[in-house]
Amino acid sequence: MDFQNLQDELIEKKLNLTEYLKKSKDVVKVFLKENKLWTIFFIIANIWMLFCAAFEKKLTSESYVRLYNSFRYLISMLNTVASVYSNLFYTAVIMKIGFKIENREDEFTLKKSLFKFLVLTLLYFAIGMAIALLIFPAAIMLLISEANFIGTVIAGIIVIAIIVFLVIMFLYFVQIYCIRKMTIIDALQYNLEISGGNRTRAVVPIIIFVLLNAILRIPFSLPIFYKITSIIIFPICIVIGIISSFLGIFIAIMGVIIFLNVEYDYLKKQNKNLQ
């Protein structure tokens with residue numbers, strides 16, 4: 001695949017959803033070919049996390065409680081490693097693809113991706129705490145109203161308002177922060193600048209695939225999986241883990257392509273240098 005041609009196309013015009021899907025599929029193929037080891041570890045991490053989610057209740061039942069207690073810290077440590085690696089992997093994917101499209105591959109280093117990952121992790125933690133405080137009024141409203149219609153509607157409005165706020169504030173933020181040389185504050189401001197009129201361009205396709213990925217993963221936390229024998233669960237974890245991993249990579253790469261297309265269009269309108 002010629003990445004210079006891809007960049008030229010992203011600069012030339014705004015692509016439609018079909019074109020985003022096609023370009024993303026082509027880029028995914030190149031990424032997988034060039035980053036086999038990174039991807040294999042990512043798939044293993046996903047399979048492990050699904051397997052643990054499905055077996056946690058089974059292992060903590062009376063029959064297996066001693067076995068679980070013996071390996072609890074090891075399992076917890078492996079879960080942490082798998083989660084950290086998965087998120088670091090996503091950061092690396094965004095940086096690698098963004099740099100490759102713009103012919104800046106030599107700028108990528110593991111040290112840079114690790115730093116970006118750590119900063120984003122701290123930011124996510126802060127956002128999570130802020131969301132918890134913002135959702136608190138909704139929870140109080142539900143308790144006071146005993147979950148009646150009006151109380152549920154008000155709580156729902158609060159939650160929707162939070163979601164809309166996050167979409168507006170962070171739609172292209174991660175791509176900007178990972179690919180551009182900007183501070184967090186500058187990246188947030190730049191996100192607001194380029195997002196005007198371009199929110200549905202990213203929200204619609206990415207949400208569709210994120211929901212699809214969630215639908216694949218959520219059942220592993222449901223009680224029904226605790227009653228299924230290990231012989232059946234393990235191959236299911238492998239298959240879903242592989243599919244979920246490829247979907248995650250596809251989502252990350254499509255996010256980069258959409259961001260660059262939106263940014264190039266914004267810079268053209270501002271008569272700024274695209275190089």
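**Note on the predicted all-helical model**

1. The count of disulfides in this predicted model comes to 0, and the model being a prediction should be kept in mind throughout. The sulfur of Cys52 has its closest cysteine sulfur in Cys237, at 9.0 Å, which is too far for a bond; a disulfide would require the two sulfur atoms to be within 2.5 Å. The same reading holds from the other side, since the closest cysteine sulfur to that of Cys237 is the one in Cys52, again at 9.0 Å. Cys52 is buried at a relative accessible area of 12%, and Cys237 is buried with a value of 0%.

2. As to the overall architecture, the protein has 10 helices and 0 strands, so that the pattern along the sequence reads α-α-α-α-α-α-α-α-α-α. Of its 275 residues, 40% count as buried. The accessible surface comes to about 15700 Å², and 71% of this belongs to carbon and sulfur atoms. When contacts with a separation of 6 or more are considered, 76% of them are between residues 24 or more positions apart.

3. The salt bridges number 11 in total. In one of them, the side chains of Glu9 and Lys23 meet with an N to O distance of 2.8 Å. Glu9 belongs to helix 1 (residues 3-12) and Lys23 to helix 2 (residues 17-34), and the pair therefore ties together parts that are 14 residues apart in sequence. Glu9 is partly exposed, its relative accessible area being 29%, whereas Lys23, with 13% relative accessibility, counts as buried.

4. A further salt bridge is formed by the side chains of Lys100 and Glu105, at 3.1 Å from N to O. Here Lys100 is the buried partner, with a relative accessible area of 14%, while Glu105 counts as partly exposed at 43% relative accessibility.

5. Glu102 deserves separate comment. Its salt bridge with Arg104 has the closest N and O atoms 2.6 Å apart, and both of these residues are buried. Through shared partners, salt bridges join Glu102, Arg104, Glu107, Arg180 and Glu263 into one network. Glu102 is located in the loop between helix 4 and helix 5 (110-145), and Glu102 is buried because its relative accessible area is 12%, the limit for this class being under 20%. Once neighbours within four places in sequence are set aside, the contacts of Glu102 are with Gln7, Ile179, Arg180, Leu260 and Tyr264; of these, Arg180 is also a member of the salt-bridge network.

6. Turning to the aromatic residues, a search of the whole structure finds 14 aromatic pairs. Phe31 and Phe89 make an edge-to-face pair, with 6.0 Å from centre to centre and 75° between the planes. Because Phe31 lies in helix 2 and Phe89 in helix 4, this pair ties together parts that are 58 residues apart in sequence. Phe31 counts as buried at 3% relative accessibility, and Phe89 likewise counts as buried, at 0%.

7. The pair of Phe51 and Phe234 is also edge-to-face, with a centre to centre distance of 5.4 Å and an angle of 90° between the planes. Phe51 is in helix 3 (residues 36-59) and Phe234 in helix 10 (residues 230-269), so this contact between rings ties together parts that are 183 residues apart in sequence. Phe51 is partly exposed with a relative accessible area of 22%, and Phe234 is partly exposed as well, with 41%.

8. Phe31 and Phe89 are also members of one aromatic cluster, which is formed by Phe31, Trp38, Phe41, Phe42, Tyr85, Phe89 and Tyr90.

9. On the surface, finally, a nonpolar patch is formed by Phe71, Leu74, Met77, Leu78 and Val81, which together have about 440 Å² of accessible area. Val81, one of the residues of this patch, has its place in helix 4 (residues 65-101), the helix in which Phe89 also lies.

How values were computed. Residues are numbered from 1 along each chain as its sequence is written. This is a predicted model: local features need pLDDT of at least 70, side-chain atom pairs count only at pLDDT 80 or more; totals for chains, interfaces and linings use all residues. Side-chain values use heavy atoms; hydrogens and water are left out. Patches are made of residues with over 30% relative accessible area and no salt bridge: like charges are joined within 9 Å, nonpolar side chains (Val, Leu, Ile, Met, Phe, Trp, Tyr) within 5 Å. Accessible areas come from the Shrake-Rupley method with a 1.4 Å probe; for residues, only the protein chains shown count as cover. A salt bridge is a side-chain nitrogen of Lys or Arg within 4 Å of a carboxyl oxygen of Asp or Glu. Helices (H or I, at least four residues) and strands (E, at least two) are DSSP runs, numbered from the N terminus. Buried means under 20% relative accessible area, exposed over 50%, partly exposed in between (1.4 Å probe, protein chains only). Contact means heavy atoms within 4.5 Å. Rings of Phe, Tyr and Trp (its six-membered ring) pair if their centres lie within 6.5 Å; planes under 30 degrees apart count as stacked, over 60 as edge-to-face and the rest as tilted.
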